[in-house]
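Please find below my notes on the model, set out as numbered points. They are meant to be read with the sequence and the coordinates at hand.

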Amino acid sequence: MRIGFSAVAALLILAGASLNATGHGGGDLVVVAVAGLLAVAAGAAVPEWRIAGPTAAGALLVALLSVGFHLTDQRLPVQLGGLLLLALAGVTGITAYRSFSDALRSRLDDVHDLNVQLEQKQRAFMAATSDLDGADQPGDAGALTALIAQESGATFACHYLISPDGTRFMPQPPGIGLGRLHPQPVPAGGEGPGPLLAAIYGGKDFVGVDKSGLTELFNYVPDELNVESLLAVPMLIGPHVGGFILLGNRPGGFNDDDRRLAMTLTRRAGTQLASAHAVAQSQQESARYTLMGELVKEASGKTMDEVLALVLDRVRHVVSYDAGRIVLFQPDDTYVFLNGAGSAMPLTGPLQRVRNGETLIRNHALAEDGAPSGVPPDATSHTVNEALTPIRGKAGVIGAICLGRSGGTFNQRDGLALNELGSMAGVAIENSRILQAVTGQASKLDYALDALGEISQALTTVTQGAQVLEQKTLETAARVTGASAALLTRTTPDGTQRVITSIGFPAEVNSLELDNGQGIVGAVMLSQTVTALADASKSFDLSSPPDLKAYGLQSALCTPMLEAGHLWGTLSVFDVKKRDWTEDDQRVLSTLGNQSVVAVRNAELYDNNQRSIWELKNLQEALQAATSTLDINQVLQQVLAGAAKASSAQIGCLALEDAGHLILKGGFGTDSKTAEKLALDLGGDICKQVMASGQPFMETMERKADSDSPLNPRAVLCVAITLRGKPTGVVFLANYQVGRVFTEDHRNLVTELAAQAAVAIDNARLFKDREEVILSALEALANTVDAKDPYTAGHSQRVTQYALMIARQMRYSPKDQAPWMRLERGVRLHDIGKIGVPDAVLQKPGKLTDDEFDKMKAHTTIGFNILSGLKMLTDELVIVRSHHERYDGKGYPDRKKGDELPMFAWIASAADAIDAMTSDRPYRRGMSLEVALDQVRQGAGTHFHPDVAEAVLDAAHNGTLKVIPQQSLYSDAPAIGAFENPVTS
């Protein structure tokens, strides 16, 4: 189209110029040309009418000038037509020009966008392949985090690595741009993770568009934090997730290239960490085995005392020490030193713990407790630094390696190295003993080896399983007779022989079932004696089934396998050539067959016994778990889990009767709603039948045709929970896989579990009622304590409300309400210990003396001692004892600090301080909320937990924390002072 416009414009210019110049010559042509140019310019400027109008008028005046302003000149109309065509040429030309310009500009924009994309991909490629160019790789977590954050364009980042015990992901400082965010350790697995951790557990990346994912990693996320994009990438170390990288707030969000780049860099970092770990492990293993080899080699032929002296010398190559001795434990609970110094001494203190197999690191230990290493105590502190590790022999701990340092302490790495050396020393000693015991006794060794072989064979026969033994029987029979194929059959309940395994036959043979007189197996069924077939072509009645000719076999040997005089099965071997089976072949096969029957039967009995032991163990564990707690919900869940595990059920539910209806109390294998639908809806009639009869229901359902739903169970087991002869509920279990059925053993186990669990359930119900009565009495007592002093009236209720305000701001325990209940209960009871503080101290109008304040401080331990005998209180005891502790460790009564107390204790401490600051006292007026908040801000990190302080400030800012109104008793008091929780010296 653009080319068409250009062509039209050119034609119009030619035509217009010709008409414009018609009849003119000489000097007039210049004037006519000027008029034509003005006409073209006017056409081109049409969109700008302020320019186009005057230009067109100028072209008309110049045209009139060319004819001397004679309007009757015959050339004038032709010339005006030419000017009109030139104007049209200008319009068409400018249109073509603009079309060309727009197309070119669009192409330039596309090229620019492509260049940006190429630059991004080049950046990603260079980052992902930097090691190929010899670029240095980051050697620590900080450099790794900074590199990935820089390459992905994230404004904040944090790196987590798996803990040594594999239970938690630990944040690796420093992070990038975290600000007020404080990363916390998070579980490395478990139930009910959030979307971010669930993706990490599955080895997948997580992409978010808000800060909801941060709540899984941080105790507190400030309200003003704006998160537009979030990316978490797992770090795979081998087949496992060894950590992850958290990236956030990339301008424009994280695209696919960013995700691929972050995944590549993180995986490569994981590979480097895994390689470094493997190299370090290999080096440690190499050093360990080298030292072990040297110990064993040098200990050869030495006495035990010489070996132990050698061990003490070798220890110095691994752990430095200033003093060291070897202790030998005696059978009468005494010990002696290797060098014979001193007499036998009673085994007490640290050495008693070492005798029990424990490695001890005793840094700054009192010298009065003993120093078995012989290191002299410090002259000033009179303490010693020691490391003690057991020497483990075949019969247990036989001694200890005792090392001491005068100028430094031992660490956990020293303890691990010593523990390993203790094991090596034990091996070296045992080798020395064995060498001495077997010298010159080759015949005894041969006898021992033979006996060991027989015992090992017997144990293997029992524990490897019946199917493995059957296969081994066939393989052995074929090997010892030199046969090409083998067949093992077993008697069915109908008296036929069913093939259970074969060698050298196609799979179709394994489905054969043989009757009396059918083939060589049928002949043995009738005669119950060894039968040999040298040439199958000469005996058609013994050669099929199985059809030996069809399988290329020409000879066979079959022996009966007898158990207590009855035919258990048959063992047959076959050869591809004609063969006269010798008496040795027949005797070996017969012996092997009969021994195999015993072995297989023993293995089957062992499997059955193991299954029974497993089921009884599950029953015991379930009962033990159910009776280990008095929490009714935990008891019900433990009973259900135990029943499902003992019966290998896929789905289960436990329901209790309430006002004539079954109410679901717990689900197993799925969520509660689904369990209720599958059990109480689809299986409702079965549950009602069991409740009415008190008898268990067990049935295996046949799969129907097209009308059958996948949610219809294939097997059902429903058992009543009976107390005092009356059904009080049911345990409903179901399997949905064809062939996965419940057995009589399952029914008996679950029935027994339900019967015994009924008592535990009843006890838990009674305990719950008793607990509610006790807690009501305690709350009444706490209110009585508050009422003893007009100031404290309502104090516990206000502190409770403040604590709940702070906890809501921190999103405390969003999925479990039990911690909320314990927090509220603990704060309500936090000052119950004031019942033991004299009234004169509680009600004193002025400031307390030091002696009086000591009595007041005692209310924390008094309250703890009052409540510590109540087993249902857990978090509450921590709050009662520790609500006057400070984050910097300068509070009372235990001077605990930081992470030594759980978060709920710091919430209670802050709530108590807020009420103290905003309440009137005889010696000062209560503060305004603004002044109290300033005190909280100044006390963050010293008096208060930083996260709790942040939450208090944010809650006040957004209006969810307000001062609770109270009647002022001391309105004339001066406006001085702060909260009551002074620093202890």
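1. The protein contains 27 helices and 23 strands, and the coordinates discussed here belong to a predicted model. Of its 985 residues, 42% are buried. Among the contacts with a separation of 6 or more, 61% are between residues 24 or more positions apart.

2. One sheet deserves a description of its own. Six strands form an open sheet in the order S9-S8-S7-S12-S11-S10, and their pairing is antiparallel. Strand S9 (345-346) and strand S10 (360-366) occupy the edges, and each has a single partner strand, so one side of each is left without a neighbour in the sheet. At the S10 edge, the partner is strand S11 (residues 383-393), to which S10 is joined by five bridges in an antiparallel arrangement. Within this region, Arg 362 is found opposite Glu 386 of S11.

3. A helix also packs against this sheet. Helix H8 (residues 304-315) lies across strand S7 (323-329), S11 and strand S12 (396-405), and the helix runs at about 145° to S7.

4. Helix H19 (residues 795-809) is worth a closer look, both for its span and for its surroundings. From its first C-alpha to its last, this helix of 15 residues reaches 21 Å, which is close to the 21 Å expected at 1.5 Å a residue. H19 is mostly covered, given that 12 of its 15 residues are buried. The buried set includes the charged residue Arg 798 as well as Val 799, Leu 804, Met 805 and Ile 806, and His 795 and Gln 809 belong to it too. Just after H19, Arg 811 adopts a positive phi of about 55°.

5. Why does the structure hold zero disulfides? For two of the cysteines the distances can be stated, with a cut-off of 2.5 Å between sulfur atoms. The cysteine sulfur closest to that of Cys 653 is in Cys 687, and at 5.9 Å it is too far for a bond. For Cys 718, the closest cysteine sulfur is likewise in Cys 687, at 4.2 Å, and this again is too far for a bond. Cys 653 counts as buried because its relative accessibility is 0%, and Cys 718 counts as buried at 0% relative accessibility.

6. The salt bridges number 29. In one of them, Asp 257 pairs with Arg 260, and the closest N and O atoms are 2.4 Å apart. These two residues are three residues apart in helix H7 (residues 256-299), so they are separated by about one helical turn. Asp 257 counts as buried at 18% relative accessibility, whereas Arg 260, with a relative accessible area of 49%, is partly exposed.

7. Another salt bridge connects loops. Lys 578 and Asp 535 form a salt bridge in which the closest N and O atoms are 3.4 Å apart. Lys 578 belongs to the loop between strand S18 (566-575) and helix H14 (583-627), while Asp 535 belongs to the loop between strand S16 (531-533) and strand S17 (555-563), so the pair ties together parts that are 43 residues apart in sequence. Lys 578 counts as exposed at 51% relative accessibility, whereas Asp 535 counts as buried at 11%.

8. Two further cases complete the account of charged pairs. Arg 579 and Asp 575 meet through their side chains in a salt bridge with an N to O distance of 3.1 Å, and both Arg 579 and Asp 575 are buried. Elsewhere, a network of salt bridges links Arg 180, Glu 224, Glu 950 and Asp 954.

9. Where in the model is Gly 642 placed, and is this glycine buried or exposed? Gly 642 is located in helix H15 (residues 632-647), and at 8% relative accessibility Gly 642 counts as buried. Although 111 residues separate Gly 642 from Leu 753 in sequence, their C-alpha atoms are 8.2 Å apart in space.

Notes
Residues numbered from 1 in each chain as written. Predicted model: local features only at pLDDT ≥ 70, side-chain atom pairs only at ≥ 80, totals over all residues. Heavy atoms only, no water. Helix = DSSP H or I, 4+ residues; strand = E, 2+ residues; numbered from the N terminus. Expected span 1.5 Å × (residues − 1). Buried < 20%, exposed > 50% of the residue type's maximum accessible area, 1.4 Å probe, protein only. Pairing = 2+ DSSP bridges. Contact = heavy atoms within 4.5 Å. Axes fitted to C-alpha atoms, helices over the stretch in contact; angles between N-to-C directions. Salt bridge = Lys/Arg side-chain N within 4 Å of Asp/Glu carboxyl O.
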